Amino acid sequence: MGQDANEWKTFLTRANQLFRPTTHPAAVQLPVEGSFPSLDGATEWLNSPPLTAAGLRGKVVLVDFWTYTCINWLRTLPYVRAWAEKYKDRGLVIIGVHTPEFDFEHDLDNVRQAVKDMRVDHPVAVDNDYAVWSAFDNHYWPALYFVDAQGQIRHHQFGEGRYEQSEMIIQQLLTEAGSSGIGHDLVSVDARGIEAAADWDSLRSPENYLGYERSENFASSNGVARDTPHVYAVPERLRLNHWALAGDWTVRPAAIVLNQAEGRIAYRFHARDLHLVMGPAVRGTPVRFRLRIDGQPPGAAHGSDVDDQGNGTVAEPRLYQLVRQPGPITERTLEITFLDPGVGAYAFTFG
């Protein structure tokens with residue numbers, strides 16, 4: 001997820017998945033891309049006292065920009081964890097910079113919970129004011145910046161993929177810094193659940209935001225009534241990657257909020273996985289939902305946050321995995337009915 005067009009992000013991520021390095025970068029000169037920018041703009045630090053660029057001289061630093069609902073970042077996390085474990089005693093410091101995308105990701109308690117739940121053990125700079133993001137002139141989640149022991153950025157990686165290349169660059173920078181016995185072996189991860197790599201060959205649906213500022217392909221008749229309660233209806237048929245609402249909703253700039261129980265979202269998609277970023281509008285007030293795929297309970301196609309009958313509960317603001325199809329992957333229609341009012345839904349993502 002990032003700030004550029006969906007088409008570009010999809011292309012970038014897919015290209016990264018297809019890339020395979022043919023030579024170890026130790027044989028290639030990595031140019032200096034700039035100096036390590038300041039981390040002073042962080043509003044809070046988790047898992048660590050505040051760190052500074054100057055204080056990290058002599059260490060190889062991997063700066064990882066993330067936000068906890070980003071599916072693209074979640075799929076990189078197994079590699080980042082593995083690198084942190086493998087190279088922590090060899091001079092590598094990984095710093096996660098949590099720069100929020102949605103309003104609830106500014107809440108420090110939510111970030112703390114995500115850090116715990118996702119087993120992020122390395123230092124995290126909370127970047128609520130986008131100061132670190134701006135210092136790096138960054139535009140993407142996820143984004144990796146590789147800093148050598150002299151405090152110089154030597155490489156960057158935007159989006160998922162190129163994990164082999166990234167680890168080879170870590171190895172090269174550690175070797176340059178004088179760490180011995182690094183070798184060329186690469187980590188092997190067993191990514192499961194929401195962290196598993198996307199099924200790129202079957203993916204035909206790009207991410208889509210639901211708030212009116214960034215949404216595409218809204219199909220309920222008469223369009224969106226902005227910032228005001230309105231009763232919507234789902235058309236008889238949806239085209240691929242189009243979506244619609246039924247029931248009483250308020251469409252806001254960054255999200256949709258359900259005003260009365262039994263509101264529904266319908267989405268026509270083509271992907272193995274379907275996720276929805278959502279949360280209760282009132283903290284501590286869970287919202288029950290029921291999911292159908294082509295009118296039927298999901299059965300074996302249910303995601304990790306839904307049972308095989310399609311039942312689930314929105315208890316906290318995060319990314320929910322609603323569908324993981326066992327195959328074959330075809331065009332399907334998802335319908336999710338919320339049995340209680342007060343859900344806020346932000347974005348669909350796929351994998």
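**Pocket, cavity and local backbone features**

By class, the lining of the largest pocket comprises 16 nonpolar, six polar and 13 charged residues. The structure described here is a predicted model, and the values that follow were computed from it. The volume of this largest pocket comes to about 840 Å³. In total, 35 residues line the pocket, and those nearest its centre are Y68, E316, P317, R318 and L319. Four elements give two or more residues to this lining, namely α4 (108–117), β13 (273–280), β16 and β18 (343–350). Of these, helix α4 provides the largest share, with five residues. A reader who wishes to find the pocket on screen can therefore start from α4, the element with the largest share of the lining, and look for Y68, E316, P317, R318 and L319, the residues nearest the pocket centre.

Just before α4 in the sequence, the loop between β4 (92–98) and α4 holds H106. With a relative accessible area of 35%, H106 is partly exposed, because its value falls between the 20% below which a residue is buried and the 50% above which a residue is exposed. The C-alpha atom of H106 is separated by 19 Å from that of S48, and these two residues are 58 positions apart along the chain.

Enclosed space was examined next. Rolling a probe the size of a water molecule over the atoms shows where empty space is left. The count comes to one cavity of 30 Å³ or more, and about 60 Å³ of space lies in the largest cavity. The lining of the largest cavity is made up of 13 residues, with T76, W83, L144, G159 and Y163 closest to the centre. Helices α3 (77–87) and α6 are the elements that give two or more residues to this lining. The largest share, three residues, comes from α3. In terms of class, the cavity lining divides into six nonpolar, five polar and two charged residues.

How are the two helices that contribute to the cavity lining, α3 and α6, placed relative to each other? Their axes lie 11 Å apart, and the helices pack at an angle of about 25°. Because angles under 35 degrees count as roughly parallel, α3 and α6 are described as roughly parallel to each other. The crossing in which α3 passes α6 is right-handed.

Helix α6 also holds Q171. Is this residue buried or exposed? Q171 is buried, with a relative accessible area of 1%, a value under the 20% limit for that class. Although Q171 and R90 are 81 residues apart along the chain, their C-alpha atoms are separated by 9.6 Å.

Two residues other than glycine have a positive phi in the backbone description. The first case to consider is R162, whose phi is about 55° although this residue is not a glycine. R162 sits in the loop between β7 (152–158) and α6 (163–176). The relative accessibility of R162 is 25%, so R162 counts as partly exposed. The other case is D294, with a positive phi near 50° in a residue that is likewise not glycine. D294 belongs to the loop between β14 (287–293) and β15 (311–314). D294, too, is partly exposed, at a relative accessible area of 39%.

The loop between β14 and β15 also contains V306. In this case the residue is buried, with a relative accessible area of 5%. V306 and V323 lie 17 residues apart along the chain, and 8.0 Å separates their C-alpha atoms.

Finally, cis peptide bonds were noted at two prolines. Where in the chain do they fall? One links W141 to P142, with omega near -10°, and P142 is found in the loop between α5 (131–135) and β6 (143–147). The other cis bond runs from G327 to P328, with omega near -5°. P328 is placed in the loop between β16 (318–324) and β17 (332–338). Strand β16, which precedes that loop, is also one of the elements that give two or more residues to the lining of the largest pocket.

Methods: Residues numbered from 1 in each chain as written. Predicted model: local features only at pLDDT ≥ 70, side-chain atom pairs only at ≥ 80, totals over all residues. Heavy atoms only, no water. Buried < 20%, exposed > 50% of the residue type's maximum accessible area, 1.4 Å probe, protein only. 1 Å grid on protein atoms, 1.4 Å probe; cavity = no way out; pocket = protein on both sides within 12 Å on 5 of 7 lines; lining within 4 Å. Points joined across faces, edges and corners; volume = space filled by probe spheres on them. Nonpolar A, V, L, I, M, F, W, Y, C, P; charged D, E, K, R; others polar. Axes fitted to C-alpha atoms, helices over the stretch in contact; angles between N-to-C directions. Parallel < 35°, antiparallel > 145°, perpendicular 65-115°, else oblique. Left-handed = near helix turned anticlockwise from the far one by under 90°.
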